[in-house]
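Q: I would like a close look at one part of this protein, namely a single strand and the surroundings in which it sits. Please take me through it step by step, from its pairing to the packing around it.

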Amino acid sequence: MSSSAIFVLDLKGKVLICRNYKGDVDMAEIDHFLPLLMQHEEEGLLCPVLSRGNVHFMWIKHSNLYLVSTTNKNSNASLVYSFLFKLVEVFTEYFKELEEESIQDNFVVVYELLDELMDFGFPQTTDSKILQEYITQEGTKLEVGKSKVPTTVTNAVSWRSEGIKYKKNEVFIDVIESINVLVNANGSVMSSDIVGSIKLKTMLSGMPELRLGLNDRVLFALTGRDKGKTVVMEDVKFHQCVRLSRFDSDRTISFIPPDGESELMSYRINTHVKPLIWIESVIEKFSHSRVEIMIKAKGQFKKQSVANNVEVRVPVPSDADSPKFKTSTGNAKYVPEKNMVVWTIKSFPGGKEFLMRAHFGLPSVENNELEGKPPITVKFEIPYFTVSGIQVRYMKIIEKSGYQALPWVRYITQSGDYQLRSNV
């Protein structure tokens, strides 16, 4: 990776905290970061890597902070960015909110974390659960952490401590799928895919070995079974606990899980997805006077399922005023700061159709041509339902003490980037 130093800056470019790991880049180079950023922004050439001479700045923005890594080598940029985002995750778990104030209030802990997270420019322990075992927020305990390193840091299973005990041993498995859909003004699906993740909440004693079985098409083909519905997963990414060699050889997902909550894996399914909530829109603009909007929403999923907390977001001209609404269910409100109408439906059963009408006044100044045509977007969540048909076929839990454990599985489908273009 070869990151020379890590800096946390405020929005004015002032260094709040920094850690020099290698000493091969002058620490004063960071003074050039913000002017360079502003110059690129003005020229419309802003990119995630900025360079000055042989010094490269790789940066991300979070809340009111810039997190910047400097290097003068040809570093692995994707690894640097993974580390910067991991840094945000760890700081957020420690301080609840990562912003300028939380850095200033906790600079001793931040320095401790920067020392443990990276060594000589290379990432080390980045799991916040393990870090919290020996870097605590109480100043008195910080010294203790230096003299006693927890076994997890030197252990082969660095993501789990030994000696964990629960009265009741349980595993909760959440299969969460987000649907990305883009529908054009003619009603044709331009692009669609499913991005899924399998999340665990593990409350198991000891060092259990878990094996997860899915209806994976490659696995069924390997074992000569091709019955029932199977799925083809792409871009599969696993938590470090999964034995990759075992998965590569026989598609078995075998692992010793982290304690508590974790994301076991993520995947993508590149398939044609029928929009689960279909939107038809009729938007009429009467020049210099008013705009009338009619939206019809239809649930295109099975009748026994229900979509919860549905939001249909309809863009309106920025100079619209005097809103009036009529809905067959739910309620609609005007959000002027975002130039949109938000129609909220708490419970939307499959197969049902609902209507919303909106009426706005428009002043005599015509400026809608300059604003473009933002799409209608939809948010929703459907529990106990997966659009891909992925299934957890089994979860085996093996632990040397031989206790019995209960696995619980829950499926959730939700909207991802879900856009429908209107023809106005």
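A: What follows starts with one strand, moves to its partners and the core it feeds, and ends with other parts of the chain.

The model is predicted, and its chain contains nine helices and 23 strands. Of the 424 residues in the chain, 46% are buried. Among contacts between residues at least 6 apart in sequence, 69% join residues that are at least 24 apart.

The strand to look at is β8, which covers residues 170-183. Because 12 of its 14 residues are buried, β8 is largely enclosed by the rest of the structure. Two pairings of this strand can be described. With strand β9 (residues 189-203), β8 pairs in the antiparallel sense over 14 bridges, and within that pairing Leu 182 has Ser 191 of β9 as its bridge partner. The hairpin that β8 and β9 form has five residues between the strands, and Gly 187 in this hairpin takes a positive phi near 90°. With strand β23 (residues 406-420), by contrast, β8 pairs in the parallel sense, over 13 bridges, and here Ser 178 has Gln 414 of β23 as its bridge partner.

How does this strand relate to the packing of the interior? The largest nonpolar core has 68 residues, and Leu 212, Ile 253 and Phe 255 are the ones with the most contacts inside it. Strand β8 gives the most to this core, contributing six residues. The core also draws at least three residues from each of two domains, domain 2 (170-273 + 387-420) and domain 3 (277-365 + 373-383). Leaving aside residues up to four places away in sequence, Leu 212 touches Ile 173, Ile 198, Ile 253, Phe 255, Leu 264, Val 392, Tyr 394 and Met 395. Apart from this core lies another, of 31 residues, which includes Tyr 81, Leu 84, Leu 114 and Leu 131.

A glycine shows a related set of contacts. Gly 213 is found in strand β10 (residues 209-214), and since its relative accessibility is 2%, Gly 213 counts as buried. With residues up to four places away in sequence left out, Gly 213 touches Gln 391, Val 392, Arg 393 and Tyr 394. Val 392 and Tyr 394 are also among the residues that Leu 212 touches. From C-alpha to C-alpha, Gly 213 and Lys 396 are 8.5 Å apart in space, although 183 residues apart in sequence.

Elsewhere, an open sheet of four strands has the order β14-β15-β20-β17, with antiparallel pairing. Its edge strands, each pairing on one side only, are β14 (277-286) and β17 (321-327), and the twist from one strand to the next averages 15°. Within this sheet, strand β15 (residues 290-299) and strand β20 (residues 353-361) pair in the antiparallel sense over nine bridges, and Met 294 stands opposite Arg 357 in β20.

The cysteines deserve a brief word. A disulfide is a covalent bond between the sulfur atoms of two cysteines; a search of the whole structure finds zero disulfides. Cys 18 counts as partly exposed because its relative accessibility is 22%, and Cys 47, with a relative accessible area of 29%, is partly exposed as well.

Definitions and conventions:
Residues numbered from 1 in each chain as written. Predicted model: local features only at pLDDT ≥ 70, side-chain atom pairs only at ≥ 80, totals over all residues. Heavy atoms only, no water. Core = buried A, V, L, I, M, F, W, Y, C linked by side-chain atoms within 4.5 Å. Buried < 20%, exposed > 50% of the residue type's maximum accessible area, 1.4 Å probe, protein only. Domains from an automatic or database assignment. Contact = heavy atoms within 4.5 Å. Disulfide = S-S within 2.5 Å. Pairing = 2+ DSSP bridges. Axes fitted to C-alpha atoms, helices over the stretch in contact; angles between N-to-C directions.
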